[in-house]
Amino acid sequence: MTALTKPIAEIQYEDLSHLEIVEGLLDEAFGPGRFAKTAYRLREGTVPIPELSFVATLKGRPIGAVRLSPITIGGAEALFLGPLVVHPDHKNQGYGLTLMNRALHAARQLGHRLVVLVGDAPYYARAGFKPIPPGRVRLPGPVDPNRLLACELVEGSLDAVSGMARPAPRR
Ligand SMILES: CC(C)(COP(=O)(O)OP(=O)(O)OC[C@H]1O[C@@H](n2cnc3c(N)ncnc32)[C@H](O)[C@@H]1OP(=O)(O)O)[C@@H](O)C(=O)NCCC(=O)NCCS
């Protein structure tokens, strides 16, 4: 298949019909040990926000996904981005960034102010994430401070928060 005829994935809201395939993508990308990671610990006790969770689909089959979940940082509301995953066969085609930008745009539209994540700074910088100053935000488990990143949906919103990040129940 040439680049000209290559189908382009659609971005749509994640729903229950996608769950099994998305979980398979996550198992393949992160392995069974993913549940022990600090990021997963933070997401325990909350659920991703349906309006902020998207899949990239080809012929209805998910090839990538992103989810945003509600958290608090020192009592202030924020969002946690993750997981973000793209199937190995479809990497480097912009789907990761497209999914992330779609979720961040939707979050901004809904009035959210701040998104944090744990990930590789050079990649997430492409979507506007920057390192959180050391010690400002604590997570419920070990995390490399260089990988703790934030994207301000409202300028200056990071300055207003500090403390322990915890899962938040859905409003
Ligand atoms: C990370 C991931 C989501 C990127 O998805 P993708 O659709 O391939 O990414 P995009 O097409 O938007 O961007 C590709 C570009 O980002 C770069 N990139 C990808 N991962 C990177 C990383 N970890 N660090 C730095 N750059 C990275 C690629 O080299 C490529 O660069 P180029 O545009 O200069 O060629 C995907 O590789 C993946 O699912 N990885 C396994 C799971 C994972 O690590 N998820 C992130 C942690 S939650």
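**Notebook: a buried glutamate, paired strands and a ligand site**

I began with Glu14, which is buried, with a relative accessible area of 13%. The cut-off I used for buried is under 20%, so Glu14 qualifies. A note to self before going further: this is a predicted model.

**Entry 1: Glu14 and its surroundings**

I looked up where Glu14 sits, and its place is in the loop between strand S1 (10-13) and helix H1 (19-30). Which side chain does the side chain of Glu14 make a polar contact with? The partner I found is the side chain of Arg67, at 2.8 Å. Then I listed what Glu14 touches, leaving aside residues up to four places away in sequence: Leu19, Val22, Ser53, Phe54, Val55 and Arg67. Arg67 thus turns up in the contact list and as the polar partner.

**Entry 2: Ile21**

Next I moved to Ile21, whose place is in helix H1. Is Ile21 buried, exposed or partly exposed? I noted a relative accessible area of 26%, so Ile21 counts as partly exposed. Not counting residues up to four places away in sequence, Ile21 touches Arg61 and Pro62. I also checked the backbone here: Ile21 and Arg61 are 40 residues apart along the chain, and their C-alpha atoms are separated by 7.7 Å.

**Entry 3: strand S4**

I then turned to strand S4, residues 76-86. How many of the 11 residues of S4 are buried? I recorded 9, so the strand is largely enclosed by the rest of the structure.

I followed the pairing of S4 to strand S3 (residues 61-73): the two run antiparallel and are joined by 9 bridges. As one example I picked Pro70, whose bridge partner in S4 is Leu79. The hairpin of S3 and S4 has 2 residues between the strands, and in this hairpin I found Gly74 with a positive phi near 55°.

With strand S5 (residues 114-118), S4 pairs in the parallel sense, over 2 bridges. Here I saw Phe80 standing opposite Val116 in S5. Tracing the chain onward from S4, I went through helix H3 (residues 95-109) to reach S5, and this β-α-β crossover is right-handed.

**Entry 4: strand S5**

I stayed with S5, which is mostly covered: 4 of its 5 residues are buried. Which strand is joined to S5 by 5 bridges? I found strand S8 (residues 148-152), which runs antiparallel to S5. Val116 caught my eye again, as it stands opposite Ala150 in S8. So my notes on Val116 now hold Phe80 and Ala150.

**Entry 5: the ligand**

I listed the residues around the ligand and noted that there are 16. Which of these come nearest? My list reads Val86, Asn92, Gly94, Gly96 and Asp120.

I then went through some distances between N or O atoms:

- For Gln93, I noted a backbone N or O atom lying 3.3 Å from an oxygen atom of the ligand.
- For Leu97, a backbone N or O atom lies 2.9 Å from an oxygen atom of the ligand.
- For Asp120, an N or O atom in the side chain is 2.6 Å from a nitrogen atom of the ligand.

I also looked up the cover: on its own the ligand has 910 Å² of accessible area, and the protein covers 66% of that.

**Entry 6: backbone oddities**

My last search was for backbone angles out of the ordinary. Most residues other than glycine have a negative phi, and most peptide bonds are trans.

Where do I find a cis peptide bond? The bond from Gly82 to Pro83 is cis, with omega near -5°, and Pro83 is found in strand S4.

Lys59 has a phi near 50°, a positive value in a residue other than glycine. I placed Lys59 in the loop between strand S2 (54-58) and S3. Its relative accessible area is 89%, so Lys59 is exposed.

Asn92 is not a glycine, yet I noted a positive phi of about 60° for this residue. Asn92 has its place in the loop between S4 and H3. With a relative accessible area of 82%, Asn92 is exposed. I had already met Asn92 among the residues that come nearest to the ligand.

Key
Residues numbered from 1 in each chain as written. Predicted model: local features only at pLDDT ≥ 70, side-chain atom pairs only at ≥ 80, totals over all residues. Heavy atoms only, no water. Buried < 20%, exposed > 50% of the residue type's maximum accessible area, 1.4 Å probe, protein only. Pairing = 2+ DSSP bridges. Right-handed = clockwise from strand over helix to strand, strands pointing away. Polar contact = N/O pair within 3.5 Å; in protein donor to acceptor, adjacent residues only side chain to side chain. Contact = heavy atoms within 4.5 Å. Near = heavy atom within 4 Å. Areas by Shrake-Rupley, 256 points an atom, 1.4 Å probe, with all protein chains shown as cover.
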